[in-house]
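Biologist: Please take a close look at one strand and its side chains. Then carry on outward to whatever surrounds it.

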Amino acid sequence: MIIPKKFTVNEKEYRVVLVDKIAGYKAGKIGYVSKIVLVAHSPGVVKMKKYSQREKEVAFWHEALHAAFYDLGVQPKDHDEELIDGLAERIVDVCNSAKL
């Protein structure tokens, strides 16, 4: 799947930026006010390999789901990370197995 440059949640446009690394060894990060989603190419540790395409796709969907939950009125501190991780993994499965 191709990670988009932009996406919209309920008329709120988010910009997606691919970066070399994100502090804290994260694969993704969302700015709720700035409406920017960062997706990292690598964890930022010299000896660690780069994230796989699938890992970057999961990171993208993970952050997009945070945007959706936030839009639904769920505060970030109340987001269920385990649920979001599981949903992101399965959305990537659906996207990558879909026959167009």
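Modeller: Side chains alternate along β1. Phe 7 and Val 9 point to one face, and both are buried (under 20% relative accessible area; exposed is over 50%, partly exposed in between; 1.4 Å probe, protein chains only). Lys 6 and Thr 8 point to the other face, and these two are not buried. The model is predicted, so local features need pLDDT of at least 70 and side-chain atom pairs pLDDT 80 or more, while totals for chains, interfaces and linings use all residues. Numbering starts from 1 along each chain as its sequence is written, and side-chain values use heavy atoms, without hydrogens or water.

Next, the partner of this strand. β1 runs antiparallel to β2, residues 12–19 (strands are DSSP runs of E, at least two residues; helices are runs of H or I, at least four; both are numbered from the N terminus). Four bridges join β1 and β2. Across this pairing, Phe 7 stands opposite Tyr 14 in β2. So Phe 7 combines a buried side chain with a place facing Tyr 14. β1 and β2 form a hairpin with two residues between the strands. Asn 10, in that hairpin, takes a positive phi near 50°.

Now the sheet. It is open, with four strands in the order β1-β2-β4-β3 and mixed pairing (two strands pair if DSSP finds at least two bridges between them). β1, residues 6–9, and β3, residues 28–31, stand at the edges. Each has a single partner strand, so one side of each lacks a neighbour in the sheet. For β3, a pairing strand is β4, residues 36–40. β3 and β4 are joined by four bridges in the antiparallel sense. Here Gly 28 stands opposite Val 39 in β4.

Then the helices. His 62 sits in helix α1, which covers residues 53–71. His 62 counts as buried, at 10% relative accessibility. Beyond its neighbours within four places in sequence, His 62 is in contact (heavy atoms within 4.5 Å) with Glu 81, Ile 84, Asp 85 and Ala 88.

The charged pairs come last. The structure holds six salt bridges (a Lys or Arg side-chain nitrogen within 4 Å of an Asp or Glu carboxyl oxygen). One of them joins the side chains of Arg 54 and Asp 93, at 3.0 Å from N to O. Arg 54 belongs to helix α1 and Asp 93 to helix α2, residues 81–97, so this pair ties together parts 39 residues apart in sequence. Both ends are partly exposed: Arg 54 at 33% relative accessibility, Asp 93 at 38%.

Glu 55 forms a salt bridge with Lys 49, at 3.8 Å from N to O. Glu 55 is partly exposed, with a relative accessible area of 34%. Lys 49 reaches 59% relative accessibility and counts as exposed.

Lys 77 and Asp 78 also meet through their side chains, in a salt bridge of 3.3 Å from N to O. Lys 77 is exposed at 72% relative accessibility. Asp 78 is partly exposed at 48%. Shared partners also link salt bridges: Arg 54, Glu 89 and Asp 93 join into one network.
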